[in-house]
Amino acid sequence: MTDGAGTDLPLIRHNDYSPLAPPALGEWDPALSVSVIIPAHGGQHRLDLTLAALAAQTYPAHLMEVIVVDDGSDPPLRLPEIAPPGTRIVAADPGRWGIAHAVNTGAALAEGRIIQRLDADMVVCREHIEALARWHHLAGYLVAIGAKKFVEEPELSPAHLYDGVRTGPLEAVFDLSGALPSSTEQTISRTDGLRTSRNPYHVCTGPTVSMRRETFHAVGGVDPDVLRGEDTEFAYRLAAHGVVFIPDMAARAVHLGLPAQRRDRDRAVRAVGPYLAHRVPLRRDLRKDRGRRWLVPYVEVVLHVDGDERQVRDAVSAALEGSVTDVRVTLVAPWSRLSPGRHAVLGDPSFELRLLREHFAHDERVRPADEVSPTPAPIPFRYTGPISVPLGHGSLERMIAAVQDDRSGMLVVDLGDDGTATLERTEALGRALLLGADDVPTSIKATHGVRHGDRAEFWPVPAAPAAPARKSAGTSAEKAEKSAQAAPGRPAQAPLEKPAWNPPEQPTAAPSRGDRPPAPARKPESRLSRLRSAIRKG
């Protein structure tokens with residue numbers, strides 16, 4: 001396989017990057033330039049320490065630039081004496097604010113082939129940039145994550161820190177005996193360095209992460225509307241893009257100050273919740289409010305408009321009314337040929353298509369498209385099926401459960417004469433596109449696996465109702481007596497009551513006049529009936 005640029009790559013299945021062999025630190029010749037992006041708001045002294053550590057890096061200075069984005073600091077940040085040669089401070093657009101906006105500002109100015117995001121209160125070891133950058137020399141779709149520990153900010157000068165980082169490990173500068181480890185490191189350890197992780201994007205929490213510049217821009221950068229949890233939301237979109245996440249524990253760092261979760265955990269968790277609920281559909285735990293509509297749906301349902309209007313409407317209704325309600329329906333048809341100019345209404349050759357467009361014009365859950373997009377990202381799943389087989393109430397739920405069970409990238413369901421239905425995992429589809437695969441299903445089979453099923457498994461036939469019990473002779477009282485006699489000591493059951501109303505039996509032939517039963521007594525005329533009668537009579 002290739003990475004889309006013609007580079008031969010070993011097969012990486014899911015997130016198991018074991019086939020990749022990075023060079024040993026200090027024993028290779030880097031070739032890719034790195035742009036270190038540092039969003040900052042105040043904290044001049046901490047920034048001075050961050051830049052002093054970057055000045056001591058083993059990565060070649062001529063291949064590294066540092067862009068500090070001042071996000072409205074008062075007074076403005078200044079460039080300290082000790083900093084890498086290619087360091088500059090730029091001001092973020094005052095029209096917006098926040099970490100995401102600052103990172104995007106720096107990335108737009110970056111000239112390096114690799115973008116390294118780093119917080120302005122991080123002190124990194126001298127091999128940090130080198131350790132992460134070596135992965136990006138192997139493939140273009142990797143995201144490298146550094147390690148970090150939290151310490152209280154010590155009394156430390158930039159000059160002393162620079163000398164310590166340049167000549168020794170971080171322990172020579174900081175007392176790490178009481179350092180607070182990052183919670184993500186426990187996850188990394190438990191999942192064999194994320195190799196077995198189902199959702200490795202969870203640990204990509206921002207303070208030190210790197211990727212190729214084209215990868216950063218391909219997913220649209222960091223969302224400036226997300227003010228808390230912007231790193232997790234960005235990492236989720238990277239995962240949908242098909243990247244491989246690689247934590248490198250050799251890229252060590254110290255975070256100056258304790259995390260926000262330690263200072264006020266409840267408020268920190270609550271602040272992140274609504275941002276991720278709307279944008280990360282895989283966080284099902286955050287979408288428990290009934291009847292809600294979310295910014296990014298869980299499933300895109302693709303239906304090709306190749307039947308009559310009623311059939312299409314039935315298929316759309318089935319998709320929207322299933323047990324998985326968090327869906328968006330894409331109707332594929334040549335909508336663009338419907339000109340807005342004057343046209344015959346009843347005699348229009350595109351009458352059926354216009355009628356369908358008007359039916360769904362004001363439903364935000366249904367959107368028209370001339371063709372299927374290469375990927376539904378950031379929606380995590382995409383279903384495609386014929387309108388001749390509408391989704392059953394639980395079909396989508398069963399299909400998602402199946403691919404989640406074995407982590408397969410695609411499910412193909414045989415529908416017999418009606419063709420096939422497929423459920424694609426966006427992450428697997430994104431990987432195939434990154435690899436430049438000509439045969440997408442074959443690529444997905446190699447990286448994530450393809451599962452096959454039949455119609456009965458996902459469109460089960462409802463069980464036939466049980467046949468009514470055969471009527472036995474004897475009255476209800478006699479049955480109750482027999483039951484009591486059959487079970488001595490058991491209290492006799494009360495005779496079954498006759499239903500309060502039974503529908504009259506239909507005679508096989510009309511009775512003669514003499515045989516006719518007397519007419520039923522008329523019910524008293526209601527007040528409403530009397531009023532209607534009076535109105536009719538004028």
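**Surface, fold and nonpolar cores of the predicted chain**

The protein chain exposes about 29000 Å², of which carbon and sulfur atoms supply 52%; accessible areas come from the Shrake-Rupley method with a 1.4 Å probe, and for residues only the protein chains shown count as cover. The model is predicted, so that local features need pLDDT of at least 70 and side-chain atom pairs count only at pLDDT 80 or more, whereas totals for chains, interfaces and linings use all residues. Residues are numbered from 1 along each chain as its sequence is written, and side-chain values use heavy atoms, with hydrogens and water left out.

Of the 538 residues of the protein chain, 45% count as buried (under 20% relative accessible area, with exposed meaning over 50% and partly exposed in between; 1.4 Å probe, protein chains only). The secondary structure comes to 17 helices and 18 strands, taken as DSSP runs numbered from the N terminus (helices H or I, at least four residues; strands E, at least two).

The largest nonpolar core (buried Ala, Val, Leu, Ile, Met, Phe, Trp, Tyr and Cys residues joined through side-chain atoms within 4.5 Å) holds 40 residues, of which Val36, Ile38, Leu54, Val123, Leu161 and Phe174 touch the most other members. Elements that each supply at least two residues of this core include strand S1 (34-40), helix H1 (44-55) and helix H4 (158-167), and H1 gives the most, with six residues. Leu161 touches Leu49, Ala52, Ala53, Val123, Leu156, Val173 and Phe174, not counting residues up to four places away in sequence, where contact means heavy atoms within 4.5 Å. Apart from this core lies another, of 37 residues, among them Val324, Leu356, Ala402 and Ala421.
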